[in-house]
Number of protein chains: 2
Amino acid sequence: MTDPDPDARGARAIVRKPLLRALDGEAVSPPPLWLMRQAGRYLPEYRALRAEVGSFLDLCYAPDKAAEVTLQPIRRFGMDAAILFSDILVVPHALGQDVAFREGEGPVLPPLAAADDLARLSLERLHERLSPVYETVERVAGALPAETTLIGFAGAPWTVATYMVEGGSSRDFAATKAWAYDDPAGFDALIALLIEATAAYLDRQVRAGAEVVQLFDTWAGVLPPDAFRRWAIAPVQAIVARLKTDHPGVPVSGFPRGAGLMYPEYAAATGIDGIGLDTAVPPEQAAALLQPHVTVQGNLDPLKLVAGGAGMAAAVADILGALSSGPFIFNLGHGIVPQTPPEHVATLIDLVREGPR
Amino acid sequence: MTDPDPDARGARAIVRKPLLRALDGEAVSPPPLWLMRQAGRYLPEYRALRAEVGSFLDLCYAPDKAAEVTLQPIRRFGMDAAILFSDILVVPHALGQDVAFREGEGPVLPPLAAADDLARLSLERLHERLSPVYETVERVAGALPAETTLIGFAGAPWTVATYMVEGGSSRDFAATKAWAYDDPAGFDALIALLIEATAAYLDRQVRAGAEVVQLFDTWAGVLPPDAFRRWAIAPVQAIVARLKTDHPGVPVSGFPRGAGLMYPEYAAATGIDGIGLDTAVPPEQAAALLQPHVTVQGNLDPLKLVAGGAGMAAAVADILGALSSGPFIFNLGHGIVPQTPPEHVATLIDLVREGPR
């Protein structure tokens with residue numbers, strides 16, 4: 001499909017980057033591609049650079065190194081987008097909550113327990129603390145090939161709140177749900193703070209050069225429908241509305257992992273331009289239920305990328321067959337895992353660019 | 001709604017237990033109710049009995065104690081069904097794999113790595129090793145009130161296989177998926193063994209007095225659609241077909257947790273009579289997509305049961321409002337958690353039995 005009227009599409013469309021065309025609603029052939037966690041431990045050049053830095057947060061806050069890490073997969077593989085190398089927990093950190101990353105253990109935070117703890121957090125130093133991230137965005141924006149799109153991102157408020165309240169990862173999110181269910185208005189105050197911080201953070205990323213922003217709601221799927229509407233859909237809707245006011249031409253994507261049967265409502269209600277599909281979403285249902293309304297992005301199982309071979313090729317063909325005739329961005333259904341052979345990533349990109357056979 | 005023709009419904013219907021009427025496709029008012037993990041650590045009488053026994057597996061294999069634990073919540077709360085107290089990992093244990101339960105750590109198994117390990121497993125001693133479970137079923141069947149249904153259960157093959165291959169719980173199921181994706185035919189052999197063992201195990205539970213059996217597929221939601229069809233739908237379909245041949249009147253329920261947009265296909269393809277809804281399923285979608293075909297069962301968030309109060313009442317009213325005019329069994333969307341106040345369980349049962357207001 002060709003662009004019906006390029007002149008009417010504004011400055012960004014004139015650049016005609018494939019990822020932005022797809023997010024504009026165009027069926028781009030071959031579909032643009034990027035991969036969640038495309039910068040990371042599966043790459044030897046990442047591991048080498050990582051070894052030079054103390055903590056994981058130090059890396060996120062070192063613009064030269066974070067920019068280099070962001071660019072590594074683009075140099076090696078030429079994906080259609082680079083995604084800012086950072087972590088969703090820089091926002092609670094910038095709000096004043098301690099965040100540590102312990103090797104093999106994931107993030108550790110002193111858990112927020114209630115309104116008192118919330119009162120100790122503040123937006124005041126947000127941009128000061130996040131300024132190294134904005135500098136990373138600027139550096140990457142200045143270094144990318146002309147056809148490559150720069151994606152900024154943040155965690156969605158619900159998912160960020162779970163880490164803040166649980167103090168790290170969780171199996172059943174009992175502490176976060178206890179707060180949310182026992183005192184929904186009090187929990188709303190935490191979510192409101194995160195809406196404010198996240199909208200401001202993404203606004204600055206866009207000003208620094210991000211051309212698309214994505215909200216990751218990794219733990220959206222643990223919410224029952226009423227709570228999903230209140231703490232997954234409504235906050236993202238509020239952030240999208242803020243961003244669209246100030247930056248009407250900048251597409252916003254959402255990734256409500258595990259949303260299942262709530263995917264269509266999320267796509268319709270949030271106002272997002274693109275939606276990330278997790279590995280469980282059947283591509284043919286995404287084509288029927290989501291693609292008429294938003295650009296879809298996904299959803300190869302990262303473990304199929306590890307396995308490679310005929311199984312990966314068949315799964316890629318299924319996804320392309322169902323989705324590539326509409327607005328579509330190829331991606332994984334979850335992040336690349338460390339044991340992924342880099343040569344499988346190269347093969348995957350070839351498969352996607354050759355198109356369905 | 002009353003039963004249109006009780007005489008035509010066979011011996012079980014004459015008993016007219018509410019849960020069996022619901023699984024026969026009747027809209028029973030008030031809806032029958034039971035709760036996943038209704039026997040367990042949230043009950044002081046369970047903790048007292050648990051302290052008398054060495055390991056968790058010892059409890060599963062002590063018919064007097066396992067029967068007592070199964071009956072505890074029925075005595076206290078009068079649910080409409082008792083579910084056999086056991087664990088899904090008794091099947092790999094009976095096949096010859098070591099299984100240990102360490103306090104606070106969950107199950108630990110020596111992980112199966114490939115075909116060689118598989119060859120060491122055997123169906124030969126299955127029934128001998130599981131005979132205490134059959135005795136538990138017999139004891140409970142003889143002790144239940146006349147209106148209470150006895151549910152037997154097993155893990156579905158995919159979920160049991162994940163524990164066997166990972167050696168316990170997992171976050172990304174990398175080892176199981178590596179086997180399944182690298183060598184699907186080899187992995188099929190493990191699934192085939194589990195189909196055989198599970199069908200034989202459930203057959204014996206029915207012969208011992210189980211009136212309904214349920215297959216728990218806790219980790220079904222991590223499978224992409226093609227793998228979901230092969231390793232979640234097909235094995236359950238095979239087990240249901242086996243059970244229906246020998247026990248045509250015994251309803252089978254399935255709980256494909258996290259199936260999301262695959263729920264309707266699972267309900268249609270497996271041949272099950274009842275389907276468990278996880279917390280993420282919107283009740284109104286279950287009413288539209290599932291309830292015309294199967295009895296639905298669910299799906300209050302167990303953390304809403306912990307919170308209690310107005311939030312729990314509102315969620316119960318939503319579920320009843322959407323589902324109680326069709327074939328429906330009230331349940332949680334996941335198991336009761338240990339910190340649940342028993343008095344909230346009593347309140348919940350009152351709310352369900354009062355019906356939507």
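Which residue takes a positive phi just after H13(B)? That residue is B:Gly271, with a phi of about 80°. The model is predicted, so local features need pLDDT of at least 70 and side-chain atom pairs count only at pLDDT 80 or more, while totals for chains, interfaces and linings use all residues. Residues are numbered from 1 along each chain as its sequence is written, and chains are lettered from A and ligands numbered from 1 in the order in which they are written.

**Helix H13 of chain B**
- Helix H13 spans residues 263-270 (helices are DSSP runs of H or I, at least four residues, and strands are runs of E, at least two, numbered from the N terminus), and its buried residues are B:Tyr263, B:Tyr266, B:Ala267 and B:Thr270.
- Buried here means that 20 or more other C-beta atoms, placed from the backbone, lie within 10 Å of a residue's own.
- Seen down the axis of H13(B), these residues fall within an arc of 95° and so line one face of the helix, the arc being that of the directions from the helix axis to the C-beta atoms.
- They pack against H12, strand S6 (252-256) and strand S7 (274-276) of chain B.

**Relation of the two chains**
- Chain B is superposed on chain A by a rotation of 180° with 0.0 Å of shift along its axis, at an RMSD of 0.0 Å, using least squares on the C-alpha atoms of residues with pLDDT of at least 70 in both copies.
- This is the relation of a two-fold axis, and in chain B the C-alpha nearest that axis belongs to B:Gly260, 1.9 Å away.

**Interface**
- 30 residues of chain B are in contact with 30 residues of chain A, contact meaning C-beta atoms, placed from the backbone, within 7 Å.
- The largest share of the side of chain B that touches chain A, five residues, comes from H10(B).

Notes. Two residues are in contact if their C-beta atoms, placed from the backbone, lie within 7 Å. A residue is buried if 20 or more other C-beta atoms lie within 10 Å of its own, exposed if 12 or fewer, and partly exposed in between; C-beta atoms are placed from the backbone.
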